[in-house]
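Colleague: Got a few minutes to go through this one with me? I'd like to ask some questions while we both look at it.

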Amino acid sequence: MTMVSELVLTRNQLLEISRRNEDSEFKVPLQRLSNVTAELQEGVMKTRMQPIGNAWQKLPRIVRDLSSELGKQIELEMHGADTELDRQVLDLIKDPLTHMVRNSADHGLESTADRVAAGKPEQGTIRVSAYHEGGHIIICIADNGRGLNTDRIKQKAVQNGLVTEADVEKMTEAQVHKFIFAPGFSTAAAVTSVSGRGVGMDVVRTNIDQIGGTIDVKSVPGEGSSFTIKIPLTLAIVSALIVEAAGDRFAIPQLSVVELVRARSNSDHRIERIKDTPVLRLRNKLLPLMHLKKLLKIDDGASIDPENGFIVVTQVGSQTFGIVVDGVFHTEEIVVKPMSTKLRHIGMFSGNTILGDGAVIMIIDPNGIAQSLGTAAASHSEIADENAAARANSDVQLTSLLVFRSGSSQPKAVPLALVTRLEEIAVDKIELSNGRHMVQYREQLMPLVEMEGVTIRESGVQPILVFADDGRSMGLVVDEIIDIVEEQLSIEVASTREGVLGSAVVKGQATEVIDVGHFLPMAFADWFSRKEMRLSATAQTVLLVDDSAFFRNMLAPVLKAAGYRVTVAQNGQEGLAALRSGNSFDVVLTDIEMPEMNGFEFAEAIRADRRMESMPIIALSSVVSPAAIERGRQAGFHDYVAKFDRPGLIAALKEQTADVKQAA
Amino acid sequence: MDANVEGADRGITEYVTAMIGGQLFGLPISRVQDVFMPERLTRVPLASADVAGVLNLRGRIVTAIDMRARLGLAKIEDGRPPMAVGVDLRGESYGLLIDSIGEVLKLADDSREVNPVNLDPRMAKMAGGVHRLDGQLMVVLDVDRVLEINPDMMAA
C-alpha cells in the first residue's frame, strides 16, 4: 500500500510541475499515467477494505470461554459488524479489541453474586459496536459492570510516581481515568490467566496512536464503563480540496464538500448578516457561515471582506454549513499521514499531508468544525457528558431563537429550528384570493397568515417566516426580523392569548414566544388533521415526557399531525404512573434533562420493570453528542433524537413502532 | 534521561552542542538523528506555542519545536534562519529549532554537576545537569522532557 501511496505522491509532483509549464509535451502521457494511477489506487483500496466483523469473529468464543472460566454470565452484543475499514487498520486494532473485551469481562463485570447484591440482572453485557461518522470509524466497547475504580487508579498513579498526591486530588474523574493508558499500569490485584499479565491499556493506546486514532474512556461507578476508539477510515489516500486562509493552505476532504459557492456583493449569492452572524442565502435556504481563519485563530489582521469570498459548502451528518476561505486552488489526491501526538488534541485537524510541491499542510476535520458551530452548546454538553451521572437540574439548555417584531413594539420569538426559511417578498407579488393573502412561491400558492396587528405594507418588501411541513408551506407575515439569539428558553409567564405560548426573557427583554401550532391551521384548516384521518385506523400511542411546557405544547401537535395518539406527562414519576396505569403505549418519548428523575433514570426504571422491558424508548435532547448517545444506549434507549429535529423524530417513531408491529 | 543510561560502560557521553539564545546546550549524541536546515515550515494553528510547525524532511513529516519558546527565552530577532536537530520519540520525528549548531564534545559523566537550584524553572525542568567547559557552562538537555508537551496542560 505504501507503494501505491508513494506512486500517488510522485504523480502529484509531476502534475504540479506540468501545471507550471503550460505547453508541455508531457501533458498527455502524464494524464494517462494519472488515470492509470487512479484506477490502480481504486482497485487496491477496494481489495483492502474488509468488514470489521472479521476482527470480531473470535470474540464470541473468547467470551464464552471467559464466562465459564470466571464463573460469570456474560452476554456479548455486536453491532455494525459489516462496517468496512482498511485491512492495515484492522490488523492493528484486532488485538487491542480482543484485549479490551477480555478486560471488560474480567475487571469490568462483577461476579454474579455482586451483581445480584447490587440489584442488577445476573447476566452482564458487553457491547461492541462500530459505525461510520464523517470519515472516521467509531468503535465502542461498553460493559454494564462496576465502572472504573477511581480511588484505586488514583492510589496506583501516585504509587507509580505518575502524579503527586496533591495534584491527583485536583483532577476530575475523567482525567484520573486517563491514567489507565499509562505504561505498565494495572490495577488488577492478582495475576489471573485472563489479565493482569502486564499487557495493558498502554499497548492498546500505542497501537491506536500508530494509526492516528484516539481512545477515550467514560465510566460511571456502578453502571459500567465504555471505551470509544476513533480511527480514520483509511490510512491511505483521500481526495481533498486545497484552500487558502490567511496565507496558509489547508486540505478539506472532498467527501464532505457538497459544492463551492463564490459569494459576491452584487450577485444572488452574497453573504448577509443577522446581527453579527454571517449567513448565506443559497437556493432559498439559510446556511450558517464560518470564516476558516477565525476558527483557526490565524486572522492576519487583513479585514475580512464582509460580502465576498469563497464558500465551501460542507455537510457533516445532517448538518450543512459553509466555510469561508480566501481562495480555492484545486483538488488533489492526498496521502493522509497521522498527526504528531503533540498536535492530536486539536479537533479542527484530522491529519496532515505532503503536497505535490513538497509542502506539508494540515487536513481540516469537518467534524471538528461542525462541533464548533454551536460552541457554547457543545462545550457545555462535554462537561455534561463527563459527569453524566451527576448531571442535575442545573443544566442550562440553549435554544436558538429567531426574534422578530410584529404588531406591537414588544419583540416576539420562535425557535429557529421550526422556521424553514426567512423570505422577503416584494409587496406587489402578494395577491388577494378568496379573501386571503397568497403569494406564488416555488410554483405553489402559499397562504400568508398575518399575526394580530400586522398589516401588509403598501410598497417595498415584506419579511415573512416560512414554515413548511410535508410539502406544504405557509408564510407568517411579520414587521421586522431582528436577530437570532442563543438563549436558555424558559417561559416564565404562560399566556392566555391564542397564538402565544407565554413570555420569556430573551436578551434581557420580555419577549412573547409564539405558538406556531396556532398559526398552521389558519393557513390550512386541515393542517394537523389530514394525516390523522388517514392513519387513524392504525394510530399508535405515544407517551411524551417533558418537564418543559413549551416542548410539550410544541411536540404534541407535531406528533398528532403525524398520526399518533399522544399522552403527555410532566416528569418521570408521572410518566411511570401512566405506564403502570394499564394504558398501553407503543412507544415512549422522553426528554433527558429533567429535574428529579432525569431521562436516563426514567429509562432505567422502565427497563427494570419486567412488563415493559421491550418498550421502545426514544430520547429527546437538545444535547446530541456521541458520548450522550452512548450513555443513552447504555440506559436502554432505542434512539436518540435532537429536540428540534422533527423529521428525525417522526422517522425514529416510525422505525420503533414498526419494530413493535413486526415483533407482535 | 539518567546519566548512566548512555555510555555507562566508559562513563563518557558524547554531546552535540547547540546555541539557543546565547546559552550553550548539549544533546546526547545517541538521541540525535540528524541536523538540518528547516525549510518551508508550515505553522499549525491552535497548536501549543512551543510547536513551531510541521515540515517535510525527505518524505517524513517532522514536528518542529521552537526551543526558544520551550525554554522561555526571547524570540529570535536577527531573522537568521534557525537550524534544527532531528530527534525521534516513540516512532515520531521531531526537529528542535536552535540558533546554531556547535561541535561534538566527549565529556566524562562524573564531571557533570546537578542543576543549580536557582536555574530558571522552565529550563530546570528540561536540564539534566550542567557541564563546566572552558569559559562557559553547557546545560545538558533531556530530550524526553523537552518533548513532554502535554496537550492537556495547554487546554487547561
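Colleague: How far does helix α4 of chain A reach from its first C-alpha to its last?

Modeller: This is a predicted model, so everything here is read off predicted coordinates. Helix α4 of chain A covers residues 59-70, which makes 12 residues. At 1.5 Å a residue you'd expect 16 Å, and the helix comes close to that, with a reach of 16 Å.

Colleague: And which residue follows α4(A)?

Modeller: Look just past the end of the helix, for a residue with a positive phi. That angle is near 65°, and the residue is A:Gly71.

Colleague: Let's move to A:Glu630. Is it buried or exposed?

Modeller: A:Glu630 sits in helix α19 of chain A, residues 626-635. Leaving out residues up to four places away in sequence, it touches A:Cys140, A:Ala142, A:Ser226 and A:Thr228. The cut-off for burial is 20 or more other C-beta atoms within 10 Å. A:Glu630 has 21 such neighbours, so it counts as buried.

Colleague: How far apart in space are A:Glu630 and A:Ser226?

Modeller: Along the sequence they are 404 residues apart, yet A:Ser226 is one of the residues that A:Glu630 touches. C-alpha to C-alpha, the separation is 8.3 Å.

Colleague: Which strand gives the most to the largest nonpolar core?

Modeller: That core has 82 residues, and A:Ala251 and B:Leu96 touch the most other members. Setting aside neighbours within four places in sequence, B:Leu96 has contacts that include B:Ile65, B:Met67 and B:Val146. The top contributor to the core gives seven residues, and that's strand β8 of chain A, residues 237-245.

Colleague: How many residues are in the second, separate core?

Modeller: Among its members are A:Leu66, A:Met100, A:Val101 and A:Ile153. The count for this core is 36 residues.

Colleague: Now the sheet in chain B. Which strands stand at its edges?

Modeller: It's an open sheet of six strands with mixed pairing, in the order β8-β1-β2-β11-β10-β9. An edge strand has a single partner, so one of its sides is left without a neighbour in the sheet. In chain B that applies to β8 (100-108) and β9 (112-113).

Colleague: Which residue stands opposite B:Leu24?

Modeller: Strand β2 of chain B, residues 23-28, runs parallel to β11, residues 137-141, and three bridges join them. B:Leu24 faces a residue in β11(B), namely B:Met138.

Colleague: Where the two chains touch, which element makes up the largest share of chain A's side?

Modeller: The contact takes 19 residues from chain A and 18 residues from chain B. On chain A's side, the elements giving two or more residues are β17 (349-354) and β18 (360-364). By type, that side divides into 10 nonpolar, five polar and four charged residues. The largest share is three residues, and it comes from β18(A).

Colleague: Last one, on confidence: what is the ipTM of the complex?

Modeller: Start with chain B, where the mean pLDDT is 81 and 87% of the residues reach 70 or more. Its residues 1-8 are below 50, though this stretch still has 13 contacts beyond near neighbours in sequence. Residues 152-156 of chain B also stay under 50, with two contacts beyond four places in sequence. For the complex, the predictor gives a pTM of 0.50 and an ipTM of 0.81.

How values were computed:
Residues are numbered from 1 along each chain as its sequence is written. Chains are lettered from A and ligands numbered from 1 in the order in which they are written. This is a predicted model: local features need pLDDT of at least 70, side-chain atom pairs count only at pLDDT 80 or more; totals for chains, interfaces and linings use all residues. Two strands pair if DSSP finds at least two bridges between them. Helices (H or I, at least four residues) and strands (E, at least two) are DSSP runs, numbered from the N terminus. The expected span of a helix is 1.5 Å times one less than its number of residues. Two residues are in contact if their C-beta atoms, placed from the backbone, lie within 7 Å. Ala, Val, Leu, Ile, Met, Phe, Trp, Tyr, Cys and Pro count as nonpolar, Asp, Glu, Lys and Arg as charged, and the others, Gly among them, as polar. A nonpolar core is a set of buried Ala, Val, Leu, Ile, Met, Phe, Trp, Tyr and Cys residues joined through C-beta atoms within 7 Å. A residue is buried if 20 or more other C-beta atoms lie within 10 Å of its own, exposed if 12 or fewer, and partly exposed in between; C-beta atoms are placed from the backbone. pLDDT is the predictor's confidence in each residue, from 0 to 100.
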